Each structure stands twice: as structure tokens, then as C-alpha cells.
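Please work through the following exercises with the structure in view. Each task is followed by a solution in steps.

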Amino acid sequence: MAVQRDTICALASGPPPSAIAIVRISGPMVREICESVLEAGLPAPRRSVFGRFLDVSRETIDEGIGVFMPGPHSYTGEDTAELYLHGGAAVIDHALDTLCAFENVRLAEPGEFTRRAFENGRLDLVEAEGVADLIDAETRAQKSLALDQLGGSLSQVYDGWRAGLLEAMALLEASIDFPDEEDAPDESTGPVAVLLGRLADELETAIDDDEVGERIRDGFRVAIIGPPNAGKSSILNRLARREAAIVSDIPGTTRDIVEVRLKIAGQIVWLADTAGLRVADDAIEAEGVRRALDRAKAADLRIQVRSPDTSSSFENAGGDDIHVYNKADLKPSEHDAGIIVLSAETGVGFAALEDTLSERITKLTSSKSAPLITRRRHRDALSTALFHVKQARRNLDRGFGAEIVSEDVRLAAQKLGALVGRIDVEDILGEVFSSFCIGK
């Protein structure tokens, strides 16, 4: 006998106080709950009804709107209801306490509504991650990327690659099943080689994307680097429009990474002030210099700073580095084209620096075309699939048997299947859905 699944409930809107609170319910008890809690009874499917909400003692919880959405045509694929109440804490608590008083009804865990949508075939795993990214989106670029993912664009690409691998497996199976047929091996392994070559090229192109999708989702990293007393902290403060870093004439004041979060060119940008680059006098400053060099190496973009107090030459730390000559108010100087002359004290030249930053960030986001990989989980899965596809192609070229070639093709297809949730992925579901908010 099958055990009845719990019915779950949660606040699906923002925390109180708010104008409206949405309480979401999903599971087998939804109809009974609506009959009991809504004074007007169970609403017609997908039609709102206004009335009083009552607790088990028939005391009024609130007046509002109730909507009933029967499964499987609901967000979760189960019977679902939403109660629209006033957004006060007392109202919300009363409503949730009333719902949880029913047998087999409990508060939802983070992401549990979307997990049920996945388990009931309403979303695949990649689309479910798009839901979380859409909720977290702060910029239009992040929103657009999340909407594409929720709409299935990434899933279609991943499924297309997996379908190609399954086709290759079928052709390989033909050469295994019919070894005595004179034409079977040539007719099957020839198309397999073409298929594997094409898939390897497409996977490699997708992976070689400079991690643009992850940068849009998580933010671009920009490091301000240069010798001590060049004015790096002052530049950070001026760009951040607040006193985020300590400014001092004493060399070596900045010893650790000071980071601010900005929006530039419609993208999230993490701008980091770093320790002055020099031969350090003590272990603490030496560690700061090491961290500065590591951050500069890992950054998507670097701002190299010089000033009258420092050497006027710029190191070639990267072809796309922005070169800045600071403290021009103290000692104006002629510089080569491409060097931005400014003063963190007066603000002169900062419009040019901000424009250059915007241009460079825009260039980084437009350097690659879709599909854009948005998460490390996707990149790792695709990299593993690519390894097996290349291995299968090499073994095919070396004349290995179809059984050996087929094993690598199967492993690649399995990895892509796990990526979108087409096969058992229980070990990663908790990790994926734990980052969701409670009511989603």
C-alpha cells in the first residue's frame, strides 16, 4: 500500500509586513483544506473566489482570495491552492498554523515546491535552476539568462547532444548485434565517427566560452593593482561613491582584499582594492601582496594604477588591462594614448574611467554566443562528457571493438542525462534545491 505523500504549505511572497501575502499549498490534502478553510468552499479550477478564511474553530483568519489549481496542470503537477491574504505577521502565522493542524500537512522545505515540479515532470533540473536564478536576478542580463534557461533553451541543447550520443550507441549496437553481416560494421561505425566528431566540436565550443554565463550570473571580477601610494583605495572609493577602503599616505595601509559590489554596464561587478605590489618588509604585508597577485591573476579585468609617487611605467599584466595615471592634480604629465589620466581627489578623469570600464564589461559579455553555461555543475558535467566523447572517437580510430567504444559513449550520455535529470540524480537534488527560498 502506497504511503500518502505529505501536503506542504509555505509563504510564497515576501516577508511581512507587506500589502499582500501569498500562502501556497500543494499535495493530496488541498481539496479538503480548501473545503474547510475557505468559507465559500472549493473554488472552481483556476478561478478566484473572494471570502473569509476560517481556522478549525471557525474563527476568521482574514478576508481574501483563494485559487485552486488541480494537478497535473499546476506548477508542482499536484493539486495546488494559493491563498491571497493581507501581509501582516499575525495573519500569516494564523494561516500557516491552521494549515499545519491538518493531518499530513507540514511547512515546505527550501525549494520543495520546485522539486515536486521536477519530480512530477513539470520541469527538468536545468529549468528548475532557472527558476532559482530568476528569483535571484538583479540585472536585466541575469533575468534574460534565467528566462532562457527556464524556457528550456539550455535543456534543448543538452538533450540534443544526448540524443546524438544515443544515436551513436544504437549504431554501435548494430555492429555488435550483427557481426556476420558484411556491411553492418562499416555502415554503422562510419556515421558514428562523424557523429562523435561533431559532438566533440560542439561540446568544446560550449565549454570554451570564457565562463561568460557564470560571470553574468555571479558577477565579473575587476582588480585594482599597482605599487603602494598610487591611490588605488581612493580610486575604489570614488568608483563606489562611498568610503569603502581606508585611505592613508602610509605605504602598505591596504594589506587584504577590500571588495565592493557595483552595477556597471548592466552587470554585477566585484571591484577589488589590493595591497600595493612591492617587496614586503614583514610577513603580513607579504601575504597581502601574494593575495593581490592571486586576485589580479584571477580577475576578468585589471585596472593598473600609477602616480607621481610611483614608477611611471606599466607592467604588461594583461592585454586588456586599463592603465590609469592617478594624482594628476599634483603633477600633470603627458602619457601615451590609452592611459587614463585622472585625480581621485578631484574626480577629474573618472567619467573616462567609468566609460572604459563599461565598454570592457560589455565586450566581455558579448564575446560569446549562446548557449551560455551558467553553473559550475553544468561545466563539470559537459567537460566529463567531452572527455568520454573524445575517448570514444580515439578508440574508434584505433580500431577498437564497438563494445569498448560504446562504453565511453554510454558514460557521456549518462553524464548529460544526469545534467538535466533524465536519469536518477538523487545525490545532487538536495544540493540543487537547498539554495531555493522556502515558498518556491
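**Exercise 1. Locate Asp-309 and describe its surroundings.**

Step 1. Asp-309 lies in the loop that links S10 and S11; helices (H or I, at least four residues) and strands (E, at least two) are DSSP runs, numbered from the N terminus. Residues are numbered from 1 along each chain as its sequence is written. The model is predicted: local features need pLDDT of at least 70, side-chain atom pairs count only at pLDDT 80 or more, and totals for chains, interfaces and linings use all residues, while side-chain values use heavy atoms, with hydrogens and water left out.

Step 2. Asp-309 is partly exposed, because its relative accessibility is 47%; buried means under 20% relative accessible area, exposed over 50%, and partly exposed in between (1.4 Å probe, protein chains only).

Step 3. Neighbours within four places in sequence aside, Asp-309 contacts Asn-229 and Lys-327, where contact means heavy atoms within 4.5 Å. A distance of 9.2 Å separates the C-alpha atoms of Asp-309 and Pro-227, which are 82 residues apart along the chain.

**Exercise 2. Explain why helix H9 is largely enclosed by the rest of the structure.**

Step 1. The buried residues of H9 include Ile-235, Leu-236 and Leu-239.

Step 2. Helix H9 (residues 232–240) is largely enclosed because seven of its nine residues are buried.

Step 3. Among the elements against which the buried residues of H9 pack are strand S7 (220–225), strand S8 (258–264) and helix H11 (350–365).

Step 4. After H9 comes Arg-241, with a positive phi near 60°.
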